[in-house]
Amino acid sequence: MQNTRLNSLVDTLLGRLDRWLQNPWRRFSLTIISLLFGNLLATIVATTAGQTAELDSIVALLLVASTELTNWVVTRGDRLRRSAEGPFKRPLFTEMLNGVKIGLIYGMFVEAFKIGS
């Protein structure tokens, strides 16, 4: 690719964003935000799928498949990075994806308790 002004500007901005996200408090806050987003997503899925009660099995299949896919992505990356030398640190994307998954599962449990009471 040619080194145009736009290309160098995008590279510079992505480098700055990467350095900005290396701060541990920012990573922690983004992880907490992804947990809360997963909880919100669970509430949205439970209310919209529960309206007509026709899509329950399809939505359950999609949620289980997405959870298992997320588990596969996170644990596969962990195994690959453990074989390399140096300190082990998960990438921010997989950390946030795992946070959304945990928030989604927690939100589904909360919704199940609300329906059961």
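Here is a walk through a few helices of this structure and some of the residues in them. The model is predicted, so local features are taken only where pLDDT is at least 70 and side-chain atom pairs only at pLDDT 80 or more, while totals for chains, interfaces and linings use all residues. Residues are numbered from 1 along each chain as its sequence is written, and side-chain values use heavy atoms, with hydrogens and water left out.

Let's start with helix H2, which covers residues 24–52. Helices here are DSSP runs of H or I with at least four residues, numbered from the N terminus. How does the span of H2 compare with what 1.5 Å a residue should give? Its 29 residues should span 42 Å, and the end C-alpha atoms are 43 Å apart, which agrees; the expected span is 1.5 Å times one less than the number of residues.

At the N-terminal end of H2, asparagine 23 acts as a cap, with a side-chain oxygen 3.2 Å from the backbone nitrogen of tryptophan 25. That is a polar contact, meaning a pair of N or O atoms within 3.5 Å; within protein, one must be able to donate a hydrogen and the other to accept it, and neighbours in sequence count only if both atoms are side-chain atoms. After H2 comes alanine 53, whose phi is positive, near 60°.

Tryptophan 25 turns up again in the one aromatic pair of the structure. Its partner is phenylalanine 28, and the pair is edge-to-face, at 6.1 Å centre to centre with 90° between the planes. (Rings of Phe, Tyr and Trp, the last by its six-membered ring, pair if their centres lie within 6.5 Å; planes under 30 degrees apart are stacked, over 60 edge-to-face, the rest tilted.) Why are the two about one helical turn apart? Because they sit three residues apart in helix H2. An α-helix has 3.6 residues a turn, so residues three or four places apart point the same way.

Now for what is hidden and what isn't. Buried means under 20% relative accessible area, exposed over 50%, and partly exposed in between, using a 1.4 Å probe and protein chains only. Tryptophan 25 is exposed at 65%, and phenylalanine 28 is partly exposed at 48%. Among the buried residues of H2 are Gly38, Ala42 and Val45.

Ala42 leads us on to helix H4 (residues 92–116), home of glutamate 111. Glutamate 111 is buried, at 10%. Leaving aside residues up to four places away in sequence, glutamate 111 touches Ala42, Thr43 and Ala46, where contact means heavy atoms within 4.5 Å.

Terms used. Helices (H or I, at least four residues) and strands (E, at least two) are DSSP runs, numbered from the N terminus.
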